[in-house]
Amino acid sequence: MPQRKPIGSVSVVGLGPMGQAVVRAFLDAGVAVTVWNRSSEKADAMVELGARRAATVREVLDANDLIVVSLTHYAAMYDALGQASDHLAGKVIANLSSDSPAITREAAAWVRSHGGDFLAGGVMAQSDGLTNPESYVFYAGRRAVFEAHRDLLSVLNAPEYLGEDEGLAQLYYQAVLAIFNPLLLGVEQALAMIDRSGEPIDRFLPYAQRSLGRVDDVYAGLAASAQAGGLGDVANLQMMAAGARHVLETSEAVGVDTALAQTVQAYWHRAIAESGRRGELVPTFAVLRGDHA
């Protein structure tokens, strides 16, 4: 069978689960991929799929104009690319690693100081679902650089360009995780409560799935209330605090860890206390914003 002519080429630095998923997506689309990883065995697996191995960071930078970086955090980028920083000139570093907006901006400045350009990415997908239709990547950086590489980056999934401030990609990425992480733990706490009480999880599952109704409508309602300064009144805060106390007590009674429930309850208690101190409503949104300080 004749080989497909590559539709483009890219280098990938970092071959953890997400880096490997990135390589597979590019290869499946007919993109020529050069890879480098600190440990060679992960590169071996990608070479078997059709990637080309770079023996050094210098070689992987020289191979292509677009370098996709997928590492645990931005400090690892310096460890890797710092070995050949004199080869960054003319290159575009698309860093899909996770870190804070401030650290992302510093990294962009570092790459530019060596003559390269920078795109920050926040991958809204698990590694095994990278190319799913609902997956996407937040990108931020110079628009001209993004547009020049949009088609190649679109191989991974839908790109969502946010603007020229590189920190925006990580701001939006971390904000989505701020929703997901407590929700994940909240679901697990609910399942632990059911399981420890001797009830079958499968019986409870449909009710968990129904609990938020249409989540997009829930988010829209919360966003509208946030724009108005926050949700509810003091009576609502007291009702929510009481409900949180009941979750805590039920968890405690069946032997489920209560640290998460205590943290959640504390926000309504703080909002009630601040409302009393000020003589006006201080909603939980204001507490989270730090407006109570």
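## A salt bridge in helix α10

In this predicted model, the side chains of Glu249 and Arg245 come together in a salt bridge, with 3.5 Å from N to O. Both residues belong to helix α10, which covers residues 234–254, and they sit four residues apart, about one turn of the helix. Glu249 is partly exposed at 40% relative accessibility, and Arg245 is likewise partly exposed, with a relative accessible area of 37%.

## Salt bridges around helix α6

Let us move to another pair, in helix α6. Glu147 and Arg143 form a salt bridge through their side chains, at 3.4 Å from N to O. Glu147 and Arg143 are four residues apart in helix α6, so about one helical turn separates them. Glu147 has a relative accessible area of 35% and is partly exposed; Arg143, at 42% relative accessibility, also counts as partly exposed. Arg143 and Glu147 are also part of a network with Arg150, joined by salt bridges that share partners.

Arg142, in the loop between β7 (136–141) and α6 (143–153), has a salt bridge of its own. Its side chain meets that of Asp117 at 2.6 Å, N to O. This pair links distant parts of the chain, as Asp117 lies in strand β6 (residues 117–124), 25 residues from Arg142. The two partners differ in exposure: Arg142 is partly exposed, with a relative accessible area of 38%, whereas Asp117 is buried at 10%. Asp117 counts as buried because its value is under the 20% cut-off. The model has 13 salt bridges in total.

## The annotated domain

A UniProt record, from an unreviewed entry, places the feature "domain: 6-phosphogluconate dehydrogenase NADP-binding" at residues 10–156. Over residues 10–156 the chain is 41% helix and 23% strand. The C-alpha atoms at the two ends of this stretch are 12 Å apart.

## The largest pocket

The largest pocket has a volume of about 2,100 Å³. Its lining is made up of 41 residues, and those nearest the centre are Ile179, Pro182, Leu183, Leu222 and Trp268. Two or more lining residues come from each of the helices α7 (167–196), α8 (201–210), α9 (215–227), α10, α11 (259–278) and α12 (284–289). Helix α10, home of the Glu249 and Arg245 pair, is thus among the contributors to this lining. The most comes from α7, which gives ten residues.

What classes of residue make up the lining of the largest pocket? Here 31 residues are nonpolar and ten are polar, with no charged residues.

## The second largest pocket

The second largest pocket holds about 820 Å³ of space. It is lined by 33 residues, with Met18, Val123, Ala125, Gln126 and Tyr173 nearest its centre. At least two lining residues each are supplied by α1 (17–28), α4 (74–81), β6 and α7. Strand β6 also carries Asp117, the buried partner of Arg142.

Which element gives the most to the lining of the second largest pocket? Again it is α7, with six residues, just as α7 gives the most to the lining of the largest pocket. By class, the lining of the second largest pocket has 19 nonpolar, eleven polar and three charged residues.

## Two buried loop residues

Ser135 sits in the loop between β6 and β7. Is Ser135 buried or exposed? With a relative accessible area of 6%, Ser135 is buried. Beyond its neighbours within four places in sequence, Ser135 is in contact with Met124, Ala125, Gly129, Leu130, Asn157 and Ala158. One of these contacts, Ala125, is also among the residues nearest the centre of the second largest pocket.

Val256 is found in another loop, between α10 and α11. At 11% relative accessibility, Val256 counts as buried. Setting aside neighbours within four places in sequence, Val256 is in contact with Gln189, Ala192, Met193, Arg196 and Ser251. From Val256 to Ala125 the separation is 131 residues in sequence and 30 Å in space, C-alpha to C-alpha.

Terms used. Residues are numbered from 1 along each chain as its sequence is written. This is a predicted model: local features need pLDDT of at least 70, side-chain atom pairs count only at pLDDT 80 or more; totals for chains, interfaces and linings use all residues. Side-chain values use heavy atoms; hydrogens and water are left out. UniProt positions are given in the numbering used here, feature names are shortened, and annotations may be inferred rather than shown by experiment. A salt bridge is a side-chain nitrogen of Lys or Arg within 4 Å of a carboxyl oxygen of Asp or Glu. Buried means under 20% relative accessible area, exposed over 50%, partly exposed in between (1.4 Å probe, protein chains only). On a 1 Å grid over the protein atoms alone, a cavity is a set of points where a 1.4 Å probe fits but cannot get out, and a pocket is an open set with protein on both sides within 12 Å along at least five of seven lines; lining residues have an atom within 4 Å of a point. Grid points are joined across faces, edges and corners, and a volume is the space filled by probe spheres set on the points. Ala, Val, Leu, Ile, Met, Phe, Trp, Tyr, Cys and Pro count as nonpolar, Asp, Glu, Lys and Arg as charged, and the others, Gly among them, as polar. Contact means heavy atoms within 4.5 Å.
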